[in-house]
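Work through the exercises below with the sequence and the model at hand. Try each task before reading its solution.

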Amino acid sequence: MNILIHILFIAMALLLLWCLMLLPRKGQSGWEKLADVRYAHRGLHDMSQNIPENSLTAFRKAVENGFGAELDVHLMADGHLAVVHDSDLSRVCGKQAVIENLRLEDLKDYPLKGNGETIPLLQDVLALFERKTPLIVELKVEHGNAAALTDAAMALLKDWNGSYCIESFHPAALLHLKKRYPSVIRGQLSENFMRAKEAGAITWPIRAILTLLLTSFLTRPDFIAYNYIDRACPSLRLMKRLYGVHEVGWTIRSREILERLEKEGVMPIFEGFLPDKALHVSASR
């Protein structure tokens with residue numbers, strides 16, 4: 001009997017510790033300006049029309065259709081912020097280079113496949129969205145540059161006249177936001193890293209920590225942006241049930257899934273189709 005009591009006590013202690021490690025921030029103002037908007041993943045891109053992802057044309061089309069946009073930001077060697085998803089430009093430009101090693105004057109040598117546009121800078125994208133639809137800005141941390149990348153992004157965003165939130169896979173970026181820019185709405189990006197191909201050389205313990213959102217008590221995110229196909233994650237479900245944390249779902253590729261997730265209160269990031277409306281169905285309430 002004593003053994004069973006001890007096992008039960010240990011199990012309850014572990015459950016309590018798990019709940020405490022998932023503690024987000026609650027009640028930060030500004031979420032209402034982001035909610036009830038549908039976000040185009042890397043802009044409203046369509047290679048069948050030669051509109052590349054994360055291009056100014058893709059972002060312009062998102063604005064014209066009333067959508068917000070999700071975009072990716074890298075810190076270049078000269079301190080400029082490039083809006084591009086991959087650090088290695090081979091996929092999007094067809095030429096091998098690392099964006100963190102380039103300077104502004106180098107971008108002309110790496111046109112985007114599709115329409116030959118130059119990789120845009122963050123300030124150029126911000127100009128398109130100012131006083132219009134919101135942005136989800138993903139910080140792409142590379143080589144330990146979380147603080148420098150975050151500071152550079154905030155230098156542009158602090159006086160920008162628009163609504164935005166910041167997200168990152170890397171907890172260090174969220175931790176820096178928490179310490180230096182507490183008023184900014186911040187979100188933890190995640191998915192099932194135990195099976196994700198892009199997890200690469202990440203060790204299994206780190207994969208488990210990131211998958212289960214176990215850095216939340218340190219970073220205190222306002223929202224969790226989770227790969228929607230992995231949203232059965234027990235930690236995400238527990239955070240929603242216990243704390244009511246906001247959920248963002250990526251990347252949604254059908255109207256049916258988008259509408260189903262919205263009914264469950266998920267803020268959608270979509271790609272590959274044009275939703276019937278720019279706003280959530282709930283926005284008409």
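**Exercise 1.** Classify Leu14 in this predicted model: is Leu14 buried or exposed?

*Solution.* Start with the location. Leu14 sits in helix α1, which spans residues 2–21. Next, take its relative accessible area, which is 53%. The cut-off for exposed is over 50%. Leu14 is therefore exposed. Now look at its surroundings. Leu14 joins Phe9, Ile10 and Leu17 in a nonpolar surface patch. Together these residues have about 430 Å² of accessible area.

**Exercise 2.** Determine how α1 and α10 are oriented to each other.

*Solution.* Locate the partner: helix α10 covers residues 234–243. Read off the geometry. The two helices pack at an angle of about 80°, and their axes are 10 Å apart. Angles of 65 to 115 degrees count as roughly perpendicular. α1 and α10 are therefore roughly perpendicular to each other. The contact itself uses Trp18, Cys19 and Leu20 on the α1 side. On the α10 side it uses Pro234, Ser235, Leu238, Leu242 and Tyr243.

**Exercise 3.** Describe the setting of Pro24: where does Pro24 lie, and which residues does Pro24 touch?

*Solution.* Pro24 is in the loop between α1 and α2 (31–34). Check accessibility next. The relative value is 2%, and buried means under 20%. Pro24 therefore counts as buried. Then list the contacts, leaving out residues up to four places away in sequence. Pro24 touches Arg220, Pro221, Met239, Tyr243 and Val245. Finally, take a long span: Lys113 is 89 residues from Pro24 along the chain, and their C-alpha atoms are separated by 40 Å.

**Exercise 4.** Examine the backbone at Arg131 and Arg220: what is phi near in Arg131, and what is phi near in Arg220?

*Solution.* Take Arg131 first. Its phi is near 65°, a positive value in a residue other than glycine. Arg131 lies in the loop between α5 (122–129) and β4 (135–139). With a relative accessible area of 68%, Arg131 is exposed. Turn to Arg220. Its phi is near 50°, again positive in a residue other than glycine. Arg220 belongs to the loop between α9 (216–219) and β7 (223–227). At 27% relative accessible area, Arg220 is partly exposed. Link back to Exercise 3: Arg220 is one of the residues that Pro24 touches.

**Exercise 5.** Inspect the peptide bond from Trp250 to Thr251: is it cis or trans?

*Solution.* Read omega: the value is near -25°. The bond from Trp250 to Thr251 is cis. Then place it. Thr251 is in strand β8, residues 246–252.

Note on methods
Residues numbered from 1 in each chain as written. Predicted model: local features only at pLDDT ≥ 70, side-chain atom pairs only at ≥ 80, totals over all residues. Heavy atoms only, no water. Patch = residues over 30% accessible without salt bridge, like charges linked within 9 Å, V, L, I, M, F, W, Y side chains within 5 Å. Areas by Shrake-Rupley, 256 points an atom, 1.4 Å probe, with all protein chains shown as cover. Salt bridge = Lys/Arg side-chain N within 4 Å of Asp/Glu carboxyl O. Helix = DSSP H or I, 4+ residues; strand = E, 2+ residues; numbered from the N terminus. Buried < 20%, exposed > 50% of the residue type's maximum accessible area, 1.4 Å probe, protein only. Axes fitted to C-alpha atoms, helices over the stretch in contact; angles between N-to-C directions. Parallel < 35°, antiparallel > 145°, perpendicular 65-115°, else oblique. Contact = heavy atoms within 4.5 Å.
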